[in-house]
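Please open the model in your viewer and keep the sequence panel beside it, since the tour below moves from one selection to the next. A cartoon view will serve for most stops, with side chains switched on where residues are named.

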Amino acid sequence: MSTPLVELRDVTRSFPGPPEVQALKGISLTVHDGDYVSIVGPSGSGKSTMLNILGLLDRPSVGEYRLAGHLTGALDEDTRAAVRAQRIGFVFQAFHLMPRRSVLENVMMPMLYSGTVRGEREDRARQALERVGLGHRIGFLPGTLSGGERQRVAVARAVVTRPSLLLADEPTGNLDAATSADVMELFEELVTDGLALIIITHDQAVARRASHRVGITDGRARTYG
Amino acid sequence: MTNHLASDVPPAGTGDAPDVAPDQLGSKSPDLLHTVPATDRFSFTDLLIEATSDLGTRPGRLLMTLAGTILGIGALVATIGFAQTTAGQLSKQFNAFAATQIVASPAQIRNAEGNSVSTGTLPWDAVQRMERLAGIEQAALINEVPLQDGTVAAVPVNDPSAPTSAPPRIFAASAGLIDALEGTVRYGRLFDEGHDQRQDRVAVLGERLAGNLGITRVDSQPSIFINGIPYAVVGVFGDMQQRSELLDSVVISTGAARNDFNLTTPGDVQARIVIGAGPQLAAQTALALAPDAPDSVTIAAPQGRSNLAESVQSDVNLIFVILSVVVLLAGGVGIANVTMLSVMERTGEIGLRRALGATRRQIATQFVTESVILGLLGGLLGATTGVFAVIAISLSQQWTPVTHPLVAIGGALLGAVVGLAAGSFPARKATRIEPVAALRGG
């Protein structure tokens with residue numbers, strides 16, 4: 001059996017109070033390359049906390065998190081930043097695009113930090129935009145795009161560095177049903193390329209498209225398949 | 001233990017090697033980070049591009065941000081420029097006369113009786129020697145002719161009933177003395193080198209003496225009698241601000257004085273010089289006149305600006321510099337405020353960059369660089385404004401604008417320093433923003 005890409009073991013995350021809040025309580029999760037995992041739960045259940053830990057934006061209070069077999073708890077801040085740049089892609093509900101930069105510049109931005117070969121950056125950004133169907137919008141500013149197009153720019157930005165793990169936090173939360181379906185199809189294509197996708201949603205229709213579903217309630221996880 | 005965290009190179013975006021993480025999976029786990037050549041890491045060029053990309057997107061805010069620095073640096077550069085310009089101007093106005101005269105005399109010592117005696121004499125060709133020096137405009141010999149119990153009269157008759165009075169002083173001079181002293185000819189003319197060489201008995205009179213002697217015109221060829229020797233009065237001079245005693249004196253040529261009164265030494269050299277040449281000529285003249293014994297010559301030369309002028313100027317400068325620094329501080333606070341506002345506005349961007357792999361140091365450097373560029377831009381515009389202000393006001397006052405180039409360059413760099421200082425705190429604040437919180441805020 002190959003080394004899991006993501007391995008959470010009895011992860012607890014507490015926020016000191018008062019009152020102290022335990023957002024995650026003994027979560028364990030294993031994700032392999034090419035897995036498509038949806039994490040479903042109501043607001044405040046701990047979904048985002050879990051995603052932050054998986055994205056190395058936060059640390060567990062108790063338990064261990066291994067990424068590609070490496071314990072992440074002992075990594076210093078700079079190394080965690082480098083791992084994020086090279087191994088992890090993020091897609092956010094609010095897109096988080098730079099409003100005064102063109103679509104192409106937005107997609108090129110992660111490559112500043114990932115160490116992508118300098119001469120290849122623009123070509124790779126163009127390819128990523130072609131892949132999400134926005135090759136004709138590269139010079140546009142994000143504000144001139146529709147919600148679905150903006151989210152596709154965000155997806156292009158997330159995958160342009162060829163990460164092994166893509167984390168999506170409510171990626172369809174601001175989109176209508178048809179646009180959501182387009183974006184989900186795009187995600188599924190990426191998964192077939194071997195990318196591991198973990199998507200947080202409270203949209204059951206989105207969650208059902210995943211190969212593995214994890215429900216979180218009150219900080220505790222339950223796997224459905 | 002094998003390090004599978006990364007190959008033996010620093011991670012992307014950092015200049016440091018990562019710490020080795022405990023790896024309990026052994027050699028089965030793949031490397032977490034791939035090799036990044038130095039050429040592909042976040043470079044200074046990347047930093048400059050990131051720091052300047054958004055600068056011009058809000059021109060109004062940019063201008064407001066720069067206004068304080070432009071005013072501060074502009075005021076500072078203009079103050080220093082005005083100080084330098086008015087320094088030249090004050091020299092002209094405070095010392096217009098004193099600054100243009102130099103006198104070379106034989107050095108004096110006191111003898112056993114307490115009287116001053118000369119230690120030597122100047123050469124007869126002293127004028128020619130001095131006029132070779134740069135900065136000398138006109139030089140002339142001048143020496144008082146001793147006239148013990150002598151008489152000076154406008155008529156040859158000795159009137160025993162006339163009241164006794166001291167005779168006027170007689171000076172022997174080379175041609176060019178009146179010009180050297182910036183005097184003017186009231187009427188008639190001055191004697192020239194030809195009169196001097198021919199030892200002609202010609203005299204020019206100070207205007208007060210001429211009045212006392214009743215000589216009001218020279219076209220009737222009046223004469224005066226010095227110890228009974230007739231001298232033709234060829235002219236009358238006035239406006240003798242440098243040596244007003246000459247207005248009551250007779251000036252005859254050196255040649256005639258040597259012939260008629262046994263003048264044995266040329267006396268002093270009086271010279272008119274260009275403004276500002278005093279200190280330099282003070283050092284050169286003694287050597288030119290007595291190369292073998294420069295100490296035997298005493299030079300009285302202007303040493304630059306008067307203490308009064310210096311004092312007035314320094315007071316004015318101090319006030320302006322204080323005002324400029326206050327304005328500059330206000331400019332710095334302005335940049336700090338706008339940078340802080342920018343940090344707060346761009347919390348989402350900071351969170352995004354951190355999520356995309358930017359380190360805290362890269363975030364801090366970007367904000368500091370933006371601030372330094374703002375300061376530099378403000379400094380450049382301010383220095384330009386200051387220089388133009390000096391030029392404009394100087395032109396309107398018909399002054400000569402004077403500003404050292406380093407003042408303008410220094411002003412621009414000072415703007416960058418203000419930007420650096422103003423951006424440091426907001427940049428530190430930016431590094432403390434946690435990406436989780438920043439991204440949640442949208």
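The stops below begin with chain A as a whole, go through its sheets, helices and loops, and then turn to the cores and to chain B.

**Chain A as a whole**

Bear in mind from the start that this is a predicted model. Select chain A and colour it by secondary structure, which comes to seven helices and ten strands. Of the 225 residues in this chain, 55% are buried. If you display the contacts in chain A between residues at least 6 apart in sequence, 71% of them turn out to join residues at least 24 apart.

**The six-stranded sheet**

Next, select the strands of chain A that form an open sheet of six, and follow them across in the order S6-S7-S8-S3-S9-S10, where the pairing is mixed. Which strands stand at the edges? They are S6 (88-92) and S10 (220-223) of chain A, and because each has a single partner strand, one side of each is left without a neighbour in the sheet. Looking across this sheet, you will find that neighbouring strands are turned by 20° against each other on average, with direction ignored.

Within the sheet, isolate strand S3 (residues 36-40) and strand S8 (residues 196-201) of chain A, which pair in the parallel sense over five bridges. To see one of the pairings at residue level, pick Val37(A), whose bridge partner in S8(A) is Ile198(A).

**The four-stranded sheet**

Chain A also holds an open sheet of four strands, in the order S2-S1-S4-S5, and here the pairing is antiparallel. Its edges are taken by strand S2 (21-31) and strand S5 (70-71) of chain A, each with a single partner strand, so one side of each is left without a neighbour in the sheet. Now select strand S1 (residues 6-15) of chain A together with S2(A), two strands that run antiparallel and are joined by seven bridges. A convenient marker for this pair is Phe15(A), which stands opposite Val21(A) in S2(A).

**A covered helix and two loops**

Move to helix H1 (residues 47-54) of chain A, which is mostly covered, with eight of its eight residues buried. The buried residues to highlight include Lys47(A), Ser48(A) and Thr49(A), as well as Met50(A) and Leu51(A).

Just after H1(A), stop at Leu56(A), which takes a positive phi of about 60° although it is not a glycine. Most residues other than glycine have a negative phi. Leu56(A) lies in the loop between H1 and strand S4 (62-67) of chain A. Is Leu56(A) buried or exposed? It counts as buried, because it has 25 C-beta neighbours inside 10 Å, where the cut-off for a buried residue is 20 or more.

A second stop of this kind is Phe95(A), which is not a glycine and yet has a positive phi of about 70°. You will find Phe95(A) in the loop between S6 and helix H3 (103-114) of chain A, and with 22 C-beta neighbours inside 10 Å it counts as buried.

**Two helices side by side**

Select helix H5 (residues 147-159) and helix H6 (residues 177-192) of chain A, whose axes come within 9 Å and cross at roughly 15°. That angle makes H5(A) roughly parallel to H6(A), and the crossing is right-handed. Residues making the contact include Gly147(A), Gln151(A) and Val155(A) of H5(A), and Thr179(A), Val183(A) and Leu186(A) of H6(A).

**The nonpolar cores**

Show the largest nonpolar core, which has 122 residues, and centre the view on Val107(A), Ala156(A), Leu166(A) and Leu197(A), the members that touch the most others. The largest share of this core, twelve residues, comes from helix H11 (residues 360-397) of chain B. A second, separate core has 54 residues, including Phe171(B), Ala172(B), Ala175(B) and Val236(B). Returning to Leu166(A), and leaving aside residues up to four places away in sequence, its contacts include Gly89(A), Val91(A), Leu190(A) and Leu197(A).

**Strand S1 of chain B**

For the last stop, select strand S1 (residues 101-106) of chain B, which pairs in the antiparallel sense over four bridges with strand S12 (residues 268-273) of chain B. Here Ala104(B) stands opposite Val269(B) in S12(B). Four bridges also join S1(B) to strand S13 (residues 297-300) of chain B, and these two strands run antiparallel, with Pro106(B) standing opposite Val297(B) in S13(B).

Terms used
Residues numbered from 1 in each chain as written. Chains lettered and ligands numbered in written order. Predicted model: local features only at pLDDT ≥ 70, side-chain atom pairs only at ≥ 80, totals over all residues. Pairing = 2+ DSSP bridges. Axes fitted to C-alpha atoms, helices over the stretch in contact; angles between N-to-C directions. Buried ≥ 20, exposed ≤ 12 C-beta atoms within 10 Å, placed from the backbone. Contact = placed C-beta atoms within 7 Å. Core = buried A, V, L, I, M, F, W, Y, C linked by C-beta atoms within 7 Å. Parallel < 35°, antiparallel > 145°, perpendicular 65-115°, else oblique. Left-handed = near helix turned anticlockwise from the far one by under 90°.
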